[in-house]
Amino acid sequence: MPMITVEFHFDFGSPNAYLAHCVIPAVEARTGAQFRYVPVLLGGVFKATNNRSPAEALKDIKNKPEYEKLETERFIRRHNIAQFRRNPFFPVNTLQIMRGAVAAEIDGVLARYVEVVFHHMWEEPKKMDDPEVIRTALDASGLDGTHMLERIQDPMIKERLLHTTEQSVARGSFGSPTFFVDDEIFFGKDRLRDVEEAILSLR
């Protein structure tokens, strides 16, 4: 049977994108589908859709932030995600590391880059909008930090991230994590069960 590919539109700055990333391998194993990681700039998505981050949107709502935290804790327990840590520098400006994801995709090392950057964002959290912190983190994980910081200055890299972000919005996205099974959109880590059902319906 032909391979089913699911698009995962992500930004490293989203803890929910990280949590979804932790669950994706199990979904792939159960369904035989392959998830294709598509870098988008969440700030650009928010600006284009007049959306705000959950932290901003929920800050003046009584009880809802506490409930959202509870739901996150349930998700973490359900999927046994023991390595997750809140980033004390949140929110982090992800422009540089998302451009890095575009460069890594072109260079054929996106999967490794994603693992490394998610690790330094949400497992051993660092201020990943500081160029020196980025350089040191990438070097420590076996990637060439200096080379990557040079790569992200390429106008083609910048334009490609802008393009993928605009295309994501044009298809209906308004945040991250967003998934597309064919042209059907799903938003949020909790929709992964629906994503899995959609994959199986195509078999």
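**Exercise 1. Against which helices do the buried residues of H7 pack?**

Task: Locate the buried side of helix H7 in this predicted model, and describe its surroundings.

Solution.
Step 1. Helix H7 spans residues 131-140, and its buried residues are Ile 134, Ala 137 and Leu 138.
Step 2. These residues lie on the same side of H7, because they cover an arc of only 95° around the axis. An α-helix has 3.6 residues a turn, so residues three or four places apart point the same way.
Step 3. The buried residues of H7 pack against helix H5 (95-106), H6 and helix H8 (145-151).
Step 4. On the face turned away from the buried side, H7 carries the exposed residues Thr 136 and Ala 140.
Step 5. The ends of the helix can now be examined. At the N-terminal end, Asp 130 acts as a cap, with a side-chain oxygen 2.9 Å from the backbone nitrogen of Glu 132. Just after H7, Gly 142 adopts a positive phi of about 90°.

**Exercise 2. The nonpolar cores**

Task: Determine which helix gives the largest share of the largest nonpolar core, and examine the contacts of Tyr 113.

Solution.
Step 1. The largest nonpolar core has 51 residues. Those with the most contacts inside it are Phe 10, Phe 12, Phe 35, Tyr 113 and Phe 179.
Step 2. Helix H6 (residues 110-122) supplies the largest share of this core, 8 residues.
Step 3. Beyond its neighbours within four places in sequence, Tyr 113 is in contact with Phe 12, Gln 96, Ile 97, Gly 100, Ala 101, Ala 104, Leu 138, Leu 143 and Met 148. One of these partners, Leu 138, is a buried residue of H7.
Step 4. A second, separate core has 5 residues, among them Val 38, Leu 42, Val 45 and Phe 46.

**Exercise 3. The sheet**

Task: Establish the strand order of the open sheet, then trace the pairing of strand E3 with E1 and with E4.

Solution.
Step 1. The open sheet has 4 strands in the order E2-E1-E3-E4, and its pairing is mixed. Strand E2 (34-39) and strand E4 (184-187) are the edge strands, each pairing on one side only. From one strand to the next, the twist averages 25°.
Step 2. Strand E1 (residues 5-10) and strand E3 (residues 178-181) run antiparallel and are joined by 4 bridges. His 9 stands opposite Thr 178 in E3, and the bridge partner of Val 6 is Val 181.
Step 3. E3 also pairs with E4 in the antiparallel sense, over 4 bridges. Here Phe 179 has Phe 186 as its bridge partner in E4.
Step 4. The hairpin of E3 and E4 has 2 residues between the strands, and Asp 182 takes a positive phi near 55°.
Step 5. In a regular strand the side chains alternate between the two faces of the sheet. In E3, Thr 178 and Phe 180 are on one side, with Phe 179 and Val 181 on the other. All four are buried, and both faces of E3 are thus covered.

**Exercise 4. A lysine in a loop**

Task: Decide whether Lys 189 is buried or exposed, and identify its side-chain polar partner.

Solution.
Step 1. Lys 189 lies in the loop between E4 and helix H10 (192-201).
Step 2. The relative accessible area of Lys 189 is 7%. Buried means under 20%, so Lys 189 is buried.
Step 3. The side chains of Lys 189 and Asn 16 are joined by a polar contact of 2.9 Å.
Step 4. Not counting residues up to four places away in sequence, Lys 189 touches Asn 16, Leu 19, Ala 20, Thr 72, Phe 75 and Pro 177.

Conventions. Residues are numbered from 1 along each chain as its sequence is written. This is a predicted model: local features need pLDDT of at least 70, side-chain atom pairs count only at pLDDT 80 or more; totals for chains, interfaces and linings use all residues. Side-chain values use heavy atoms; hydrogens and water are left out. A nonpolar core is a set of buried Ala, Val, Leu, Ile, Met, Phe, Trp, Tyr and Cys residues joined through side-chain atoms within 4.5 Å. Buried means under 20% relative accessible area, exposed over 50%, partly exposed in between (1.4 Å probe, protein chains only). Contact means heavy atoms within 4.5 Å. The arc is that of the directions from the helix axis to the C-beta atoms. A polar contact is a pair of N or O atoms within 3.5 Å; within protein, one must be able to donate a hydrogen and the other to accept it, and residues adjacent in sequence count only if both atoms are side-chain atoms. Two strands pair if DSSP finds at least two bridges between them. Axes are lines fitted to C-alpha atoms, for helices over the stretch in contact, and angles run from 0 to 180 degrees between N-to-C directions.
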